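The following exercises, each with a worked solution, introduce a structure to a reader who has not met it before. Please study the sequence and the model before beginning.

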Amino acid sequence: MKTVTIEELLTWAFVHELPKGGGVDGLDNANSAWRMLEASSWGKITSFAELGAIVDQGRGDTENYWIEQGEPHDDAVAVGRAVAGLSRCDVAVPAGWNALADWPDSEGMAEAAVRKAVERYMVRTPQRRAAGIVSLVVGTAILGREPDFGAEPSKTRLVERGGRPAWFVIRRMKHEDGQTYDLEVDGYNGRTQRPVKGAYRKYEFSIDPTGDILGRLDYQIWVAALRRLEAEIATQLVGHRLVFSDRSMTPWLEADRPGVGIVERAADRPGKKTASVC
């Protein structure tokens with residue numbers, strides 16, 4: 001048996017084995033081993049002999065590349081099935097998650113930027129987030145490299161308006177629904193050319209860190225997915241032996257800290273209303 005890491009196994013499977021059946025189109029072809037594994041009908045297929053028959057019956061005039069390219073290795077099929085199963089999962093971001101914990105103190109600005117980026121990510125539908133997990137695993141396997149988690153600390157600067165430092169003030173306003181709200185409005189009096197009473201200035205990052213935050217989120221999703229795949233397929237392999245990875249969730253910090261998790265969507269677990277860690 002060949003000893004490999006989960007990253008090496010994924011690259012072998014998606015570069016050399018799972019494109020089989022797809023001809024020159026490889027993974028993108030609907031008849032490739034990978035696309036067949038992704039198909040919702042895969043649960044009804046028990047072997048690639050049966051799969052080949054299905055392809056023959058439904059291919060029309062399309063050339064049968066299974067004959068030319070051969071069947072994918074059993075271990076690659078196990079890998080593909082496990083990766084396809086990630087489409088039933090979702091991402092769980094823990095409370096207080098801070099992707100910029102290695103940045104200098106910014107008086108809450110970094111933490112606020114992280115919260116905003118997470119909110120932006122969670123606006124995506126569960127199906128889109130699940131598809132993102134699968135794409136992340138497949139894409140990194142094909143490229144043979146990990147997601148970029150670099151995030152150089154950004155400098156801060158005063159928020160400007162019209163090329164000049166802006167002023168802000170909080171005003172309490174009553175809405176037509178009867179509720180009272182605190183709103184941040186322009187704190188500069190254009191008539192007197194002076195800031196109004198209680199006005200303050202604000203700082204912002206000179207470079208928006210959202211992209212770096214989402215990059216670190218992707219990295220942790222990838223690590224969580226690899227850990228799940230390791231646990232799922234380790235005992236299923238017939239020609240490979242997995243060396244379990246000690247890859248850190250937070251390589252930008254001196255010590256490894258907990259990160260995001262991969263959870264099974266409750267909607268995909270009949271009879272259960274809560275999500276569990278995959």
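**Exercise 1. Determine whether E107 is buried or exposed, and describe its backbone and place.**

Solution. E107 has a relative accessible area of 76%, so it is exposed; buried means under 20% relative accessible area, exposed over 50%, and partly exposed in between, with a 1.4 Å probe and protein chains only. Next, the backbone: phi of E107 is near 55°, a positive value in a residue other than glycine. Finally, E107 is placed in the loop between β2 (89-92) and α6 (109-122). Helices (H or I, at least four residues) and strands (E, at least two) are DSSP runs, numbered from the N terminus.

The model is predicted: local features need pLDDT of at least 70 and side-chain atom pairs count only at pLDDT 80 or more, whereas totals for chains, interfaces and linings use all residues. Residues are numbered from 1 along each chain as its sequence is written, and side-chain values use heavy atoms, with hydrogens and water left out.

**Exercise 2. Describe Q193 in the terms used for the previous residue.**

Solution. Q193 is not a glycine, yet its phi is positive, at about 60°. Its place is the loop between β8 (188-189) and β9 (194-195). With a relative accessible area of 47%, Q193 is partly exposed.

**Exercise 3. State how many helices and strands the protein has, and what share of its residues is buried.**

Solution. The protein has 8 helices and 13 strands. Of its 278 residues, 40% are buried. As for contacts (heavy atoms within 4.5 Å), residues 24 or more positions apart account for 69% of those with a separation of 6 or more.

**Exercise 4. Test the length of helix α5 (residues 74-85) against the expected span, and list its buried residues.**

Solution. The expected span of a helix is 1.5 Å times one less than its number of residues. For the 12 residues of α5 this should give 16 Å, and the end C-alpha atoms are 17 Å apart, which agrees. Turning to burial, 10 of the 12 residues of α5 are buried, so the helix is mostly covered. The buried residues are D75, A76, V77, A78, V79, G80, A82, V83, A84 and G85.

**Exercise 5. Repeat the length test for α6, and find what its buried residues pack against.**

Solution. The 14 residues of α6 reach 20 Å from the first C-alpha to the last, close to the 20 Å expected at 1.5 Å a residue. Buried in α6 are M109, A110, A113, V114, A117, V118 and Y121. These buried residues pack against β2, α7, β3 (156-158), β10 (203-205) and α8.

**Exercise 6. Describe how helix α1 (residues 6-17) crosses α8 and α5.**

Solution. Axes are lines fitted to C-alpha atoms, for helices over the stretch in contact, and angles run from 0 to 180 degrees between N-to-C directions. The axes of α1 and α8 come within 10 Å and cross at roughly 85°. That crossing makes α1 roughly perpendicular to α8; angles under 35 degrees count as roughly parallel, over 145 as roughly antiparallel, 65 to 115 as roughly perpendicular and the rest as oblique. In this contact, I6, E7, L9 and L10 of α1 meet W222, L226, L229, E230 and I233 of α8.

The axes of α1 and α5 come within 9 Å and cross at roughly 105°. Here too the angle makes α1 roughly perpendicular to α5. L9, L10, W12, A13, F14 and E17 of α1 make the contact with D75, A76, V79 and V83 of α5.

**Exercise 7. Classify the ring pair of Y219 and W222.**

Solution. Rings of Phe, Tyr and Trp (its six-membered ring) pair if their centres lie within 6.5 Å; planes under 30 degrees apart count as stacked, over 60 as edge-to-face and the rest as tilted. By this rule there are 7 aromatic pairs. The ring centres of Y219 and W222 are 5.9 Å apart and the planes stand at 50°, so this pair is tilted. Y219 and W222 are 3 residues apart in helix α8 (residues 210-233), which means a separation of about one helical turn. Y219 is buried at 1% relative accessibility, and W222 is buried at 3%. One aromatic cluster is formed by F149, Y219, W222 and W252.
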